[in-house]
Amino acid sequence: MEIKIQRALISVSNKKGIIEFAKGLENFGVEIISTGGTYKALRDAGVTVIKIDELTGFPEMLDGRVKTLHPFVHGGILANRSIPSHMQQIKDAGIKNIDLVVVNLYPFKETISKPGVDMQEAIENIDIGGPTMIRSAAKNSGGVGVIVDPDDYELILNEMDANRGCLSKKTLFSLSIKAFKHTCEYDSVIFNYFINKVPEFGTEKIKINSWLDVENTKPDTSKKTSGINNFKNNEGNYNNELDLILTKKQNLRYGENPHQKSSYYKFNDAPKESFVMADQFQGKELSYNNILDGNAAFNIVKEFEKTCVSVIKHNNPCGTALGKDVLEAYSKAYDADPLSAYGSVVACNTVWTKKASEFLMDKYVEVLIAPGFEEDALKLLAQKQNLRVMKVKFSKEEYFKRIKNSDYSLSYPDIKSVDGGLLIQDLDAGFDNIDDMKIVTTLKPTDSEWKDMLFGWQVVKNVKSNAIIIVKGEVSAGVGAGQMSRVDSTKIAIEKSGGRCKDAVIASDAYFPFADAIEIAAQNGIKAIIQPGGSVHDEEVIEACNKLKIAMVFTGKRHFKH
């Protein structure tokens with residue numbers, strides 16, 4: 001069942017994105033009511049908006065302390081749409097439904113963080129009407145939406161666009177949980193502030209019940225948020241101590257396996273274009289494995305300027321391809337290994353099209369990720385109700401502009417847990433300079449072989465070691481992943497290629513220790529190889545390539561992945 005959004009009440013302290021959101025609601029014919037500074041901002045931006053005292057018939061008073069605490073507001077929010085007597089009562093009272101409440105609260109935390117702030121200023125920044133409206137709407141989530149996070153505006157407008165101005169009960173319930181979390185955290189900050197003031201007033205110690213287990217009820221002892229400077233010092237070395245500040249994004253049903261509990265966290269200052277900030281348009285709740293595979297898939301495609309699609313299973317690409325459009329790239333990536341693509345995660349680096357959706361419809365895909373979707377594509381995908389569809393707020397143009405800048409540095413490292421600790425390293429992201437690569441054989445690669453080698457070199461770093469990729473026509477024709485022997489990885493890649501090795505190239509994440517894998521490659525028609533080099537037996541490998549008429553390039557850089 002869906003709820004048609006016809007009236008919205010907007011009252012926000014943080015006005016980020018609110019003008020665009022209100023205009024988006026207006027396009028759906030939504031009547032907008034607002035308060036104080038929000039009313040003025042919307043009106044000045046040309047939004048048709050009703051002032052709160054026009055609704056209540058009562059002016060704001062007590063310097064704004066009382067403005068929304070009125071039956072015309074809370075009756076419209078709290079009336080249970082499924083109880084006829086509720087609807088009759090508000091009708092008799094002349095109260096209209098309010099279907100959407102958009103509220104964020106007075107900046108209490110920011111206020112008390114300012115140097116020299118006194119108790120009275122802190123008290124004046126305790127929001128009363130805001131939390132009341134939030135809780136009212138969250139309590140009545142069966143018929144009312146509540147938005148407390150500006151990052152949700154685009155998601156809500158997209159859902160309304162796809163559902164004729166309606167929101168699903170699932171979305172309303174999810175928003176209500178986020179709303180209760182928001183008011184819980186807000187009250188916990190107020191509590192922490194005042195509990196620390198107790199000694200100043202000589203008040204008897206206040207007992208805190210042992211069962212009170214609320215996030216953020218302890219003082220914030222962190223030095224600063226977890227950006228790049230928390231990880232490294234000015235010399236570029238990792239700090240002796242780390243202060244990692246993360247917020248739980250959601251609890252997951254379980255981890256990699258059903259017996260493992262799991263949760264999903266985000267860094268507090270995660271940039272909007274990062275995977276953790278992606279919006280889910282439809283489908284079942286994301287699983288632990290969905291998130292891992294989705295991140296892996298998007299990490300591959302975002303590093304190509306051409307249209308790229310990658311198909312992932314168990315954190316490895318079973319197919320990756322470039323194409324003139326999304327349909328071509330996806331069909332080539334899928335055809336690379338259709339058997340392994342069953343139950344896969346698919347990512348694309350550009351707007352997903354209706355034609356690509358048509359190709360996907362008869363396939364079992366767990367998750368689809370892209371930076372945008374054609375409207376007709378979303379309508380078609382909606383028929384696959386369990387398919388998780390995610391939008392990453394990613395711009396290829398901005399990403400390549402940043403990553404090609406000489407001053408570019410990665411915000412977050414790669415973090416892995418070990419028993420009792422963590423391992424931290426720089427992410428293996430970005431591009432290797434072709435000028436640093438060296439042709440080591442007598443035979444030189446052709447232009448098309450160079451294209452395929454560079455494509456393979458960019459993809460192979462995302463494959464579990466030992467990793468071998470066979471590439472032909474900027475498509476991964478065969479992938480050999482996670483083997484203890486590079487010879488075995490080579491054999492698997494050749495087998496997976498299904499006879500497409502002739503005149504293809506190989507990319508290897510690390511050096512070939514001996515010539516055995518080279519001989520196997522030659523027997524199957526491989527014409528060029530790209531690898532780091534660095535083995536004590538490099539000369540033996542180069543000699544084998546010269547003898548077998550294979551061109552070989554050394555990159556001088558290894559790309560292990562474990």
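**Notebook: strands, cores and one buried serine**

I began at Ala-8, which stands opposite Ile-32 in strand 3. The model I am reading is a predicted one. Ala-8 drew my attention to the pairing around it. I noted that strand 2 (residues 7-12) and strand 3 (residues 31-34) run parallel and are joined over 4 bridges.

**Entry 1: the open sheet.** I next looked up the sheet as a whole. It is open, has 5 strands in the order 4-3-2-5-6, and its pairing is parallel. Which strands lie at the edges? I found strand 4 (50-51) and strand 6 (145-147), each of which pairs on one side only. Helix 1 (residues 18-27) packs on this sheet and touches strand 2, strand 3, strand 5 (100-104) and strand 6. I recorded an angle of about 175° between the direction of helix 1 and that of strand 2. Helix 8 (residues 129-139) lies across strand 2, strand 5 and strand 6, and runs at about 145° to strand 5.

**Entry 2: strand 14.** I then moved to strand 14 (residues 365-370), where 6 of 6 residues are buried. Strand 13 (residues 344-348) runs parallel to strand 14, with 4 bridges between them; Ala-347 stands opposite Ile-369 there. With helix 14 (residues 354-360), these two strands make a right-handed β-α-β unit. Strand 14 is also joined by 4 bridges to strand 15 (residues 388-391), again in parallel. In that pairing, the partner of Leu-368 is Val-389. The chain passes from strand 14 through helix 15 (residues 375-381) to strand 15, and this crossover is right-handed.

**Entry 3: the nonpolar cores.** Nonpolar side chains tend to be buried together in soluble globular proteins. I therefore looked for such groups, given this tendency. The largest nonpolar core has 49 residues, and Phe-275, Phe-298 and Ile-369 have the most contacts inside it. A second, separate core has 28 residues, among them Val-309, Ala-329, Ala-370 and Val-389. I listed the contacts of Phe-275 beyond its sequence neighbours; they include Tyr-264, Ile-291, Phe-298, Ile-369 and Met-390.

**Entry 4: Ser-465.** Is Ser-465 buried or exposed? Its relative accessibility is 13%, under the 20% limit, so Ser-465 counts as buried. Ser-465 lies in the loop between helix 17 (447-460) and strand 19 (468-471). I found a polar contact of 2.4 Å between its side chain and that of Asp-509. A polar atom of the Ser-465 side chain also lies 2.8 Å from the backbone nitrogen of Lys-561. Beyond its sequence neighbours, Ser-465 touches several residues, including Gly-482, Gln-483, His-559 and His-562.

Methods: Residues are numbered from 1 along each chain as its sequence is written. This is a predicted model: local features need pLDDT of at least 70, side-chain atom pairs count only at pLDDT 80 or more; totals for chains, interfaces and linings use all residues. Side-chain values use heavy atoms; hydrogens and water are left out. A nonpolar core is a set of buried Ala, Val, Leu, Ile, Met, Phe, Trp, Tyr and Cys residues joined through side-chain atoms within 4.5 Å. Buried means under 20% relative accessible area, exposed over 50%, partly exposed in between (1.4 Å probe, protein chains only). Contact means heavy atoms within 4.5 Å. Two strands pair if DSSP finds at least two bridges between them. Axes are lines fitted to C-alpha atoms, for helices over the stretch in contact, and angles run from 0 to 180 degrees between N-to-C directions. A polar contact is a pair of N or O atoms within 3.5 Å; within protein, one must be able to donate a hydrogen and the other to accept it, and residues adjacent in sequence count only if both atoms are side-chain atoms. A crossover is right-handed if, with the strands pointing away from the viewer, the path from the first strand over the helix to the second runs clockwise. Lists of a residue's contacts leave out its neighbours within four places in sequence.
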